[in-house]
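I opened a fresh page for this chain and noted what I looked up as I went. Here is the model I was working from.

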Amino acid sequence: MNNIKKFFIYPLALVLFFGLSANECLDSDLDELLEIDGPIDFERTYNVDIQEGDPTEFTEIAEFETTYKGIDVTDLRIDEMELLVENYEAPETVLMSVHLYIEGYEDDPIIIRDFNIEFNENQIIDVKSLAEAKLSEYEQYLLDLDEAKIVIETSVDRAPVKFDFTFKMALTVTGTPAN
(Lines give C-alpha, C1' and ligand atoms only; values in the text may rest on other atoms or scores of the structure.)
Protein backbone atom coordinates (compact mmCIF):
# COMPACT_ATOMS: atom_id res chain seq x y z
CA MET A 1 0.00 0.00 0.00
CA ASN A 2 2.90 2.37 0.76
CA ASN A 3 4.23 1.90 -2.75
CA ILE A 4 0.84 2.83 -4.24
CA LYS A 5 0.83 6.07 -2.23
CA LYS A 6 4.35 6.94 -3.32
CA PHE A 7 3.80 6.24 -6.99
CA PHE A 8 0.17 7.29 -7.59
CA ILE A 9 -1.47 9.32 -4.87
CA TYR A 10 1.34 11.79 -4.03
CA PRO A 11 2.11 12.65 -7.66
CA LEU A 12 -1.63 12.96 -8.38
CA ALA A 13 -2.02 15.32 -5.40
CA LEU A 14 0.89 17.46 -6.63
CA VAL A 15 -0.54 17.63 -10.16
CA LEU A 16 -3.96 18.64 -8.85
CA PHE A 17 -2.48 21.26 -6.49
CA PHE A 18 -0.34 22.90 -9.18
CA GLY A 19 -3.08 22.56 -11.77
CA LEU A 20 -5.62 24.39 -9.59
CA SER A 21 -3.09 27.07 -8.64
CA ALA A 22 -2.21 27.69 -12.27
CA ASN A 23 -5.91 27.87 -13.15
CA GLU A 24 -6.47 30.62 -10.55
CA CYS A 25 -3.56 32.61 -11.96
CA LEU A 26 -4.91 32.22 -15.47
CA ASP A 27 -8.37 33.40 -14.36
CA SER A 28 -7.00 36.58 -12.77
CA ASP A 29 -4.76 37.23 -15.80
CA LEU A 30 -7.74 36.69 -18.10
CA ASP A 31 -9.87 39.13 -16.05
CA GLU A 32 -7.08 41.69 -16.31
CA LEU A 33 -6.85 41.18 -20.07
CA LEU A 34 -10.60 41.68 -20.44
CA GLU A 35 -10.63 45.05 -18.63
CA ILE A 36 -11.69 47.93 -20.86
CA ASP A 37 -11.25 51.67 -20.35
CA GLY A 38 -13.91 54.05 -21.57
CA PRO A 39 -13.44 57.82 -21.70
CA ILE A 40 -16.24 60.19 -20.67
CA ASP A 41 -15.70 63.83 -21.58
CA PHE A 42 -18.02 66.51 -20.32
CA GLU A 43 -17.88 70.22 -21.15
CA ARG A 44 -20.35 73.07 -20.67
CA THR A 45 -20.01 76.78 -21.41
CA TYR A 46 -22.19 79.28 -19.55
CA ASN A 47 -22.79 82.87 -20.64
CA VAL A 48 -23.00 85.25 -17.70
CA ASP A 49 -24.47 88.73 -18.13
CA ILE A 50 -25.22 90.49 -14.86
CA GLN A 51 -26.42 94.07 -15.07
CA GLU A 52 -26.55 96.70 -12.33
CA GLY A 53 -29.32 95.74 -9.90
CA ASP A 54 -29.40 92.06 -10.97
CA PRO A 55 -28.74 89.30 -8.42
CA THR A 56 -25.01 88.63 -8.20
CA GLU A 57 -25.42 84.93 -7.42
CA PHE A 58 -26.28 82.24 -9.92
CA THR A 59 -26.30 78.45 -10.07
CA GLU A 60 -25.68 76.19 -13.03
CA ILE A 61 -26.48 72.48 -12.97
CA ALA A 62 -25.21 70.11 -15.62
CA GLU A 63 -26.01 66.42 -15.90
CA PHE A 64 -23.59 63.81 -17.24
CA GLU A 65 -23.46 60.03 -17.44
CA THR A 66 -20.99 57.92 -15.50
CA THR A 67 -21.67 54.78 -17.51
CA TYR A 68 -20.13 53.66 -20.77
CA LYS A 69 -21.98 51.54 -23.32
CA GLY A 70 -20.63 48.00 -23.41
CA ILE A 71 -18.78 48.16 -20.09
CA ASP A 72 -19.80 46.85 -16.67
CA VAL A 73 -18.05 49.60 -14.73
CA THR A 74 -15.90 48.50 -11.79
CA ASP A 75 -13.69 51.59 -11.40
CA LEU A 76 -13.88 55.30 -12.17
CA ARG A 77 -11.09 57.88 -12.29
CA ILE A 78 -11.37 61.66 -12.56
CA ASP A 79 -8.67 62.66 -15.04
CA GLU A 80 -9.44 66.34 -15.42
CA MET A 81 -11.55 69.14 -13.93
CA GLU A 82 -11.00 72.63 -15.32
CA LEU A 83 -12.55 76.05 -15.30
CA LEU A 84 -11.92 78.68 -17.98
CA VAL A 85 -13.19 82.27 -18.06
CA GLU A 86 -13.31 84.14 -21.37
CA ASN A 87 -14.83 87.27 -22.93
CA TYR A 88 -14.71 89.29 -19.72
CA GLU A 89 -16.26 92.77 -19.77
CA ALA A 90 -16.64 95.00 -16.71
CA PRO A 91 -15.85 98.63 -15.85
CA GLU A 92 -14.14 97.56 -12.57
CA THR A 93 -12.29 94.54 -11.27
CA VAL A 94 -14.76 91.80 -10.36
CA LEU A 95 -14.07 88.96 -7.95
CA MET A 96 -15.93 85.68 -8.28
CA SER A 97 -16.46 82.87 -5.77
CA VAL A 98 -17.32 79.35 -6.89
CA HIS A 99 -18.71 76.39 -4.94
CA LEU A 100 -18.64 73.28 -7.09
CA TYR A 101 -20.03 69.92 -5.98
CA ILE A 102 -21.70 66.74 -7.12
CA GLU A 103 -25.42 66.73 -6.38
CA GLY A 104 -26.03 64.48 -3.39
CA TYR A 105 -22.53 65.22 -2.09
CA GLU A 106 -23.08 68.85 -1.11
CA ASP A 107 -21.32 68.72 2.26
CA ASP A 108 -17.82 68.79 0.76
CA PRO A 109 -17.71 71.29 -2.14
CA ILE A 110 -14.67 72.50 -4.02
CA ILE A 111 -14.38 76.19 -3.17
CA ILE A 112 -12.64 78.96 -5.10
CA ARG A 113 -12.76 82.32 -3.30
CA ASP A 114 -12.02 85.83 -4.57
CA PHE A 115 -11.17 84.69 -8.08
CA ASN A 116 -10.09 87.80 -10.02
CA ILE A 117 -11.87 87.27 -13.34
CA GLU A 118 -9.90 89.88 -15.28
CA PHE A 119 -6.51 88.61 -14.05
CA ASN A 120 -7.41 84.95 -14.76
CA GLU A 121 -9.18 85.49 -18.08
CA ASN A 122 -8.17 82.94 -20.74
CA GLN A 123 -6.20 80.88 -18.19
CA ILE A 124 -7.24 77.34 -17.39
CA ILE A 125 -7.84 76.85 -13.67
CA ASP A 126 -7.00 73.29 -12.63
CA VAL A 127 -9.93 72.52 -10.32
CA LYS A 128 -8.77 68.92 -9.95
CA SER A 129 -5.61 70.06 -8.15
CA LEU A 130 -7.77 72.07 -5.73
CA ALA A 131 -9.78 68.92 -4.97
CA GLU A 132 -6.89 66.48 -4.77
CA ALA A 133 -7.70 65.42 -1.18
CA LYS A 134 -11.34 64.74 -2.10
CA LEU A 135 -10.83 62.97 -5.43
CA SER A 136 -10.99 59.38 -4.19
CA GLU A 137 -14.23 60.18 -2.30
CA TYR A 138 -15.74 61.82 -5.39
CA GLU A 139 -14.68 58.89 -7.57
CA GLN A 140 -16.20 56.35 -5.19
CA TYR A 141 -19.42 58.35 -4.98
CA LEU A 142 -19.67 58.63 -8.78
CA LEU A 143 -18.95 54.92 -9.21
CA ASP A 144 -22.28 54.13 -7.54
CA LEU A 145 -24.26 56.36 -9.95
CA ASP A 146 -25.37 55.91 -13.56
CA GLU A 147 -25.61 59.65 -14.04
CA ALA A 148 -24.64 62.62 -11.94
CA LYS A 149 -25.14 66.35 -11.74
CA ILE A 150 -22.40 68.90 -11.21
CA VAL A 151 -23.68 71.97 -9.39
CA ILE A 152 -21.74 75.22 -9.83
CA GLU A 153 -22.85 77.95 -7.44
CA THR A 154 -21.21 81.24 -8.32
CA SER A 155 -21.30 84.78 -7.02
CA VAL A 156 -19.61 88.00 -8.08
CA ASP A 157 -18.85 90.94 -5.83
CA ARG A 158 -20.19 93.62 -8.18
CA ALA A 159 -22.08 94.35 -11.36
CA PRO A 160 -22.21 95.00 -14.22
CA VAL A 161 -20.13 92.13 -15.51
CA LYS A 162 -20.27 89.93 -18.55
CA PHE A 163 -18.19 86.77 -19.23
CA ASP A 164 -18.33 83.18 -20.38
CA PHE A 165 -17.10 80.36 -18.22
CA THR A 166 -16.48 76.81 -19.27
CA PHE A 167 -16.37 73.82 -16.96
CA LYS A 168 -14.67 70.74 -18.34
CA MET A 169 -14.41 67.30 -16.77
CA ALA A 170 -12.90 64.07 -18.10
CA LEU A 171 -13.42 60.66 -16.53
CA THR A 172 -12.16 57.20 -17.34
CA VAL A 173 -14.32 54.24 -16.43
CA THR A 174 -12.82 50.77 -16.27
CA GLY A 175 -14.64 47.49 -16.34
CA THR A 176 -15.29 44.30 -18.19
CA PRO A 177 -17.32 43.76 -21.35
CA ALA A 178 -21.04 43.90 -20.63
CA ASN A 179 -22.98 40.76 -21.33
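My entries below go from confidence to sheets, then to rings and backbone.

**Entry 1: confidence**

I started by reminding myself that this is a predicted model. The chain has an average pLDDT of 84, and 82% of the residues reach at least 70. I then asked where in the chain confidence is lowest and where it is highest. Helix α1 (residues 2–34) is at the bottom with a mean of 53, while β4 is at the top with 94. I also marked residues 22–27, where pLDDT stays under 50. For that stretch the model has zero contacts beyond four places in sequence, and I left it out of the rest of my reading.

**Entry 2: the sheet with β1**

Next I traced an open sheet of four strands, in the order β1-β8-β3-β6, with antiparallel pairing. β1 (36–50) and β6 (124–126) are at the edges with a single partner strand each, so one side of each has no neighbour in the sheet. Neighbouring strands here are turned against each other by 20° on average, direction ignored. I counted along the β1 and β8 pairing and found 15 bridges, in the antiparallel sense. As a handy landmark I picked R44, whose bridge partner in β8 is F167. Helix α4 (residues 135–143) packs on this sheet and touches β3 and β8. The direction of α4 makes about 120° with that of β3.

**Entry 3: the sheet with β2**

I found another open sheet of four strands, this one in the order β2-β7-β4-β5, and its pairing is antiparallel too. β2 and β5 are the edge strands, each pairing on one side only. From one strand to the next, the twist averages 15°.

I went through the pairings and kept one landmark for each:

- Strand β2 (residues 57–65) is joined to β7 by nine bridges, and I noted T59 standing opposite E153 in β7.
- Strand β4 (residues 95–102) is joined to β7 by seven bridges, and Y101 has V151 as its bridge partner in β7.
- β4 is joined to β5 by five bridges, with I111 in β5 as the bridge partner of H99.

Which strands does α4 lie across in this sheet? I listed β2, β4, β5 and β7, with the helix running at about 50° to β4. So that I would not lose the thread, I wrote down again that α4 also packs on the sheet of Entry 2, through β3 and β8.

**Entry 4: a residue in α4**

I stopped at Q140, which is found in helix α4. Its relative accessibility is 46%, so I filed Q140 as partly exposed. The C-alpha atoms of Q140 and D75 are 8.2 Å apart, although 65 residues separate the two along the chain.

**Entry 5: aromatic rings**

I counted the aromatic pairs and got seven in the structure. For Y105 and Y141, the ring centres are 5.0 Å apart and the planes are at 40°, so I logged the pair as tilted. Y105 is in the loop between β4 and β5 and Y141 is in helix α4, so this pair ties together parts 36 residues apart in sequence. Y141 counts as partly exposed, at 22% relative accessibility.

I then turned to F163 and F165, with centres 6.3 Å apart and planes at 40°, so that pair is tilted as well. Are these two rings' residues buried or exposed? F163 is buried at 1% relative accessibility, and F165 is buried at 2%. Both belong to one aromatic cluster, together with Y46 and F58.

**Entry 6: backbone oddities**

Before scanning the backbone I noted the usual picture: most residues other than glycine have a negative phi, and most peptide bonds are trans. N87 is not a glycine, yet has a positive phi of about 55°. N87 lies in strand β3 (residues 71–89) and is partly exposed, with a relative accessible area of 47%. D114, also not a glycine, has a positive phi of about 50°. D114 is in strand β5 (residues 110–116) and is exposed, at 54% relative accessible area.

Which peptide bond did I flag as cis? The bond from A159 to P160 is the one I wrote down, with omega near 5°. P160 is placed in the loop between β7 (147–156) and β8 (161–177).

Key:
Residues numbered from 1 in each chain as written. Predicted model: local features only at pLDDT ≥ 70, side-chain atom pairs only at ≥ 80, totals over all residues. Heavy atoms only, no water. Buried < 20%, exposed > 50% of the residue type's maximum accessible area, 1.4 Å probe, protein only. Pairing = 2+ DSSP bridges. Axes fitted to C-alpha atoms, helices over the stretch in contact; angles between N-to-C directions. Contact = heavy atoms within 4.5 Å. pLDDT = per-residue confidence, 0-100. Phe/Tyr/Trp six-rings, centres within 6.5 Å; stacked < 30°, edge-to-face > 60°.
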